[in-house]
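Visitor: I have this one open on my screen and would like to talk through its side chains with you. Can we start with a charged pair and then move inward?

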Amino acid sequence: MNTPTVQMLNLRLPTDPRWVDLAEMDLGEILTDHAYCEQKAATSCISLIQGYPDREELVRELAPIVTEEWGHFRAVLAEMDKRGLKLGRQRKDEYVNGLLDFSIRGQGRDVALLEKLLIFALIEARSCERFRLMSLYISDPELRTWYHKFMVAEAGHYVLFIELARKYFPRETVDRRWKEYLAFEAELLRTLEVRGDRMH
């Protein structure tokens, strides 16, 4: 169902086909999680800029992404308002926490930057894949169009984070670590419960 997109994004495991049906059962829950994902994407970019102001291209490239991601957060809130839905509480993100646990720590500022760029790229890639599923298979035609826009944006962000990693680090180093992340992410997904109230 999702193989071409998975291959394009280099993901090793497609999302369980049941996920879209589960997500559609309670739009308030999936939209709440989506909203917080967009909020965290914006704050993550801000954190990178604050932590690496000396990386001029990173600052220049990520500054507009902060604005875009915060705009996405506002767009999700507007969609919820339109549907009479309320923003629920932020919930623990087992997927992102799993990726963070896999990251290399304590080896200096540069290694930390590579790890963050690859984690952010992977989150954007998986988000892109799931937004595509929503754009194709959710029953509401307005939401299908709405999710398609998010899919396109996330694809661009995924590419940007990979390109930044390859700018600052040797390509072979980036590609080797990226393959390790892709393999780990596939195994991580296999361990997580398929839940309709989570974007990841």
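Visitor: Which helix do Lys82 and Glu79 lie in, and how many residues apart are they?
Guide: Bear in mind that this is a predicted model. Lys82 and Glu79 both belong to helix 4, where three residues, or about one turn of the helix, separate them. Their side chains meet in a salt bridge, with an N to O distance of 3.4 Å.

Visitor: And are Lys82 and Glu79 buried or exposed?
Guide: Lys82 counts as exposed because its relative accessibility is 55%, and the cut-off for that class is over 50%. Glu79, by contrast, has a relative accessible area of 6% and is therefore buried, that class being under 20%.

Visitor: What else is linked with that pair through salt bridges?
Guide: Glu79 and Lys82 belong to a network of salt bridges that also takes in Arg83, Asp140 and Glu142.

Visitor: How many salt bridges are there in the whole model?
Guide: The count comes to 20 salt bridges.

Visitor: Let's switch to Arg177. Which residues does Arg177 form salt bridges with?
Guide: One partner is Glu115, with the closest N and O atoms 2.9 Å apart. This pair links distant parts of the chain, since Arg177 sits in helix 8 and Glu115 in helix 6, 62 residues apart. Another partner is Glu180, where the closest N and O atoms are 2.8 Å apart; Arg177 and Glu180 are three residues apart in helix 8, so about one helical turn separates them.

Visitor: Where do those three stand, buried or exposed?
Guide: Arg177 is buried, with a relative accessible area of 8%, and Glu115 also counts as buried, at 4% relative accessibility. Glu180 is partly exposed, its relative accessible area being 36%.

Visitor: Now the interior: which residues touch the most other members of the largest nonpolar core?
Guide: That core has 62 residues, and the ones touching the most other members are Ile30, Leu48, Leu62, Tyr95, Tyr147 and Trp178. At least two core residues come from each of helix 2 (18-25), helix 3 (27-51), helix 4 (56-82), helix 5 (94-102), helix 6 (109-137), helix 7 (141-168) and helix 8 (171-191).

Visitor: Which helix gives the most to this core?
Guide: Helix 6 does, with 14 residues.

Visitor: Pick out Tyr95 for me; what is Tyr95 in contact with, leaving aside its neighbours within four places in sequence?
Guide: On that basis, Tyr95 is in contact with Leu122, Ile123, Arg126, Glu185, Leu188, Leu189, Leu192 and His200.

Conventions: Residues numbered from 1 in each chain as written. Predicted model: local features only at pLDDT ≥ 70, side-chain atom pairs only at ≥ 80, totals over all residues. Heavy atoms only, no water. Core = buried A, V, L, I, M, F, W, Y, C linked by side-chain atoms within 4.5 Å. Buried < 20%, exposed > 50% of the residue type's maximum accessible area, 1.4 Å probe, protein only. Helix = DSSP H or I, 4+ residues; strand = E, 2+ residues; numbered from the N terminus. Contact = heavy atoms within 4.5 Å. Salt bridge = Lys/Arg side-chain N within 4 Å of Asp/Glu carboxyl O.
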